Each structure stands twice: as structure tokens, then as C-alpha cells.
Amino acid sequence: MSTTVPTARVFSSDNVAGASPEIVDAVSRAASGQALPYGADTVTGDVRRRLCEVFERDVDVLLVSTGSAANALSLAALTPPWGSVLCHRESHINNDECGAPEFYTAGAKLVPLGGHDAKLDPAELRAAVRHKAGDVHSVEPSVVSITQATETGSVYTLDETHTLGRIAKEAGLRLHMDGARFAGAVAALGCSPAETTWRAGVDLLSFGATKNGTMTADAIVVFDRSLTAELAFRAKRAGQLASKMRFHAAQLEAYLTDELWLRNASHANTMAARLQEGLKAIPEVGLLGAADANILFCRLPQRTIDGLLADGYAFYHDRWEPGVVRFVTSFATTEQDVDHLVRAVGRHLA
């Protein structure tokens, strides 16, 4: 008997969704004929040109297979082994990457900081960038890493991103952005991708794609192109220079064509907003913050959680305090999926 949970009832992560049909078709087309290896194919070049257009400037691009690789390699290029990475205590690099940043940086230390709704607090960051700077008995503050959108689904506003960028730059630190859900943040803000990245001081961006429609491809977008050569060597040494890079490139090219990346993200955000409105109408549900992007946290009675699990719903419910659950929507979530979940919650509260 299969134990697979029906996709329509899985709200644990946007990683559970498949791939956009446009991306599957692109991979199929890339499978025919021949192409030069290791990124020398024409499609990889096309992806770079498209990202130059997206970000309104010359950028370099390294295609990798995972977001964790994008984050770890980026931080390794920005941080010496005796350096520190200032990040939020709830960030993915701090909690969910099995020490990959520390491994790839050859020992740099992650220094977790606080801030409401998983956003770095500017005052706390301003103190941290100066803490023991130049003291050989301590790690040297070297890079700030921010997550956009955050692990709670909140989105840094343009003012917030620019403020953190100024703090980093005034202290001589580099700025990395973990953009695992970057498309969702851009869609929510309605801004240009440039405004929330390099114009705010971001040096390297983990672009984020697998949560939003690709299959096995992500990218590092390099705004400070003096880092490109080092990143290329690090990617090869880490096993991230794919010989048949055209399959990564085909996914990213389709992802960027006709703004599929923004359309997918907008849909996921809309489904989270629909879920929020549906749950808001149920008095016993305690919403915890707003769904700026595609993640919603709320508080439910244990009997309701147990009932949803018995119905076959999948969601995170045991990683925070008792009764706190997380629902995540994706580009593949339908209005029917959301409405069924809202009705199920109401039924198990009755």
C-alpha cells in the first residue's frame, strides 16, 4: 500500500511541488543534440544575459544544483576562515544546512542575531559589526547574510534592506542574500529585483528557483564581479560545476522566460493570502503574523492538529512551541486545495 500523501494535502513546504511544465519541456529539448560541457553551451550564456536584464546591470552567474550549495559557496567567497557571518538566529544557514557554511568557509563562525519576525534588528546588527573587530582573539566580522523572504514568510521592505546594507558597508562588511524565496519577495514588494539587491549593497545573491518551479537548478548571481574567479574555482572543487550544465541552464532559461518566475511566485503568495483570509474567519485560529509571501504560521488546538494529520494533511507542527503550525503554499497549490484545508480546520474545531 502506498504511503504517499496526496499533493493537494501537503502544506509542509514548497519543495513538495513538482516542476512547471515549461521547465520540464525545456529539459526535454536540452536532451537532444550535443552541446559543449561545463557551462560553455549557448543556453548558459543566454541565462547570464537574461539575468543581466532582470537586474539591470552586468552580472556573472554560476549555476549550481541546490540552494545550500549557493549559500555555502557564496559565504566561502566572502568570508575568511577567521571571519564571522552575521545572520538571524532563525535563518536557514544557521538552522538547516548541516554546517555547510562552516565547512565551505574552512571554519568561519556563524554569529546568530535577533530581530522580530526573522528579520535582522538594525540596532543589534550595528553593534555586532563592530564587536571585537580587529581583535585577533576573536573571529572578525566579515559578512552579513539576510534571507529574503525570511523563514517565517516575512519580507524585508526596501527601506529595511537598504538600512542593513548601509550598516554592513559602513563597517566594511560584504552583504549576502539568501534568496531561496526571492521571487516571492519581489512579487510581494512589487519592486525591481535591482532595488532590493545590488542597489541595497548586496554582493552575492543565492537566486532561488527549486522552491518555485525548477527541478534541480539554482544560481549564484554575482554583483561584485571581482569574486567570480574565486567562485568558479570553489564551485568546481565542491562538485558543483556540472559537465552537462545545459540541463541546469535550460531550467533557468525557461524559469526566466515570460516572467514565469514571478508568475509562479505571485500565485504562491496569492494562495497563502487566500489561506490567511479563510483561517482569519475562524475565531479559534490564532494567526501569527501576516503572510507577506507564501508562508503562514498560526496556533491551533492539539485536537485540530491531530485531526488534520489523521485526514492526511502534512505540515510542520512540532518544531516550535506547542500548538504552532506552519502552512506553506506553492506555485502548484490550487484554490480548491486551500479551501479544503480551511474547511478541514473548521471541522476539527467544531
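# Helices, sheets and two residues

Colleague: Let's start just after H8: what positive phi does glycine 190 take there?

Modeller: Bear in mind that this is a predicted model. Glycine 190 comes just after H8, and its phi there is positive, at about 65°.

Colleague: Staying with H8, is alanine 183 buried or exposed?

Modeller: Alanine 183 is found in helix H8, which covers residues 182–189. Its relative accessible area is 4%, and since the cut-off for buried is under 20%, alanine 183 counts as buried.

Colleague: Which residues does alanine 183 contact, leaving aside its neighbours within four places in sequence?

Modeller: Part of the answer is in H11, where the residues that meet H8 include Trp261, Leu262 and Ala265. Those three are on alanine 183's own contact list too, and the full list reads Asn212, Tyr255, Trp261, Leu262 and Ala265.

Colleague: And how far is alanine 183 from isoleucine 93, C-alpha to C-alpha?

Modeller: Along the chain, these two are 90 residues apart. In space, the C-alpha atoms of alanine 183 and isoleucine 93 are separated by 19 Å.

Colleague: What do the buried residues of H8 pack against?

Modeller: The buried residues of H8 are Phe182, Ala183, Gly184, Ala185 and Val186. They pack against both helices and strands: H2 (42–55), E5 (174–178), E6 (204–206), H10 (246–256) and H11.

Colleague: How are H8 and H11 set relative to each other?

Modeller: Their axes come within 8 Å and cross at roughly 75°. Angles from 65 to 115 degrees count as roughly perpendicular, so H8 and H11 are roughly perpendicular to each other.

Colleague: How many nonpolar, polar and charged residues are in the contact of H8 with H11?

Modeller: From H8 you have Phe182, Ala183, Gly184, Val186, Ala187 and Ala188, and from H11 Trp261, Leu262, Ala265, Ser266 and Asn269. By class, that contact has 8 nonpolar, 3 polar and no charged residues.

Colleague: H12 and H13 pack as well, so are they parallel, perpendicular or oblique to each other?

Modeller: Helix H12 (residues 302–310) and helix H13 (residues 335–349) have axes 9 Å apart, at an angle of about 130°. That value lies outside the 65 to 115 range for roughly perpendicular and is not over 145, so H12 and H13 are oblique to each other.

Colleague: Which residues of H12 and H13 make the contact?

Modeller: The crossing of H12 and H13 is right-handed. H12 brings Arg303, Thr304, Gly307 and Leu308, while H13 brings Leu341, Ala344, Val345, His348 and Leu349.

Colleague: Which strands stand at the edges of the sheet of 7 strands?

Modeller: The order in this open sheet is E1-E7-E6-E5-E4-E2-E3, with mixed pairing. An edge strand has a single partner strand, so one side is left without a neighbour in the sheet; here that holds for E1 and E3 (109–113).

Colleague: Which way do E1 and E7 run, and how many bridges join them?

Modeller: Two of the pairings across these strands are valine 61 with valine 221 and leucine 63 opposite alanine 219. E1 and E7 (residues 218–222) run antiparallel, and the bridges that join them number 5.

Colleague: Which residues of E1 point one way, and which the other?

Modeller: In a regular strand the side chains alternate between the two faces of the sheet. Strand E1 (residues 60–64) is mostly covered, with 5 of its 5 residues buried. On one side are Asp60, Leu62 and Val64, and on the other Val61 and Leu63.

Colleague: What about the sheet of 3 strands: which are its edge strands?

Modeller: This open sheet is antiparallel and has the order E8-E9-E10. Helix H11 (residues 260–280) lies across E8, E9 and E10, at about 20° to E9. An edge strand pairs on one side only, and here those are E8 (286–287) and E10 (324–328).

Colleague: Which residue of E9 is the bridge partner of leucine 287?

Modeller: E8 and E9 (residues 295–299) run antiparallel and are joined by 2 bridges. Within E9, leucine 287 has as its bridge partner cysteine 298.

Colleague: Last one: is glycine 39 buried, partly exposed or exposed?

Modeller: Glycine 39 lies in the loop between H1 (21–30) and H2, and it touches Thr44 and Met245, not counting residues up to four places away in sequence. Its relative accessible area is 25%, between the 20% and 50% cut-offs, so glycine 39 is partly exposed.

Methods: Residues are numbered from 1 along each chain as its sequence is written. This is a predicted model: local features need pLDDT of at least 70, side-chain atom pairs count only at pLDDT 80 or more; totals for chains, interfaces and linings use all residues. Side-chain values use heavy atoms; hydrogens and water are left out. Helices (H or I, at least four residues) and strands (E, at least two) are DSSP runs, numbered from the N terminus. Buried means under 20% relative accessible area, exposed over 50%, partly exposed in between (1.4 Å probe, protein chains only). Contact means heavy atoms within 4.5 Å. Axes are lines fitted to C-alpha atoms, for helices over the stretch in contact, and angles run from 0 to 180 degrees between N-to-C directions. Angles under 35 degrees count as roughly parallel, over 145 as roughly antiparallel, 65 to 115 as roughly perpendicular and the rest as oblique. A crossing is left-handed if the near helix is turned anticlockwise from the far one by less than a right angle, and right-handed if clockwise. Two strands pair if DSSP finds at least two bridges between them. Ala, Val, Leu, Ile, Met, Phe, Trp, Tyr, Cys and Pro count as nonpolar, Asp, Glu, Lys and Arg as charged, and the others, Gly among them, as polar.
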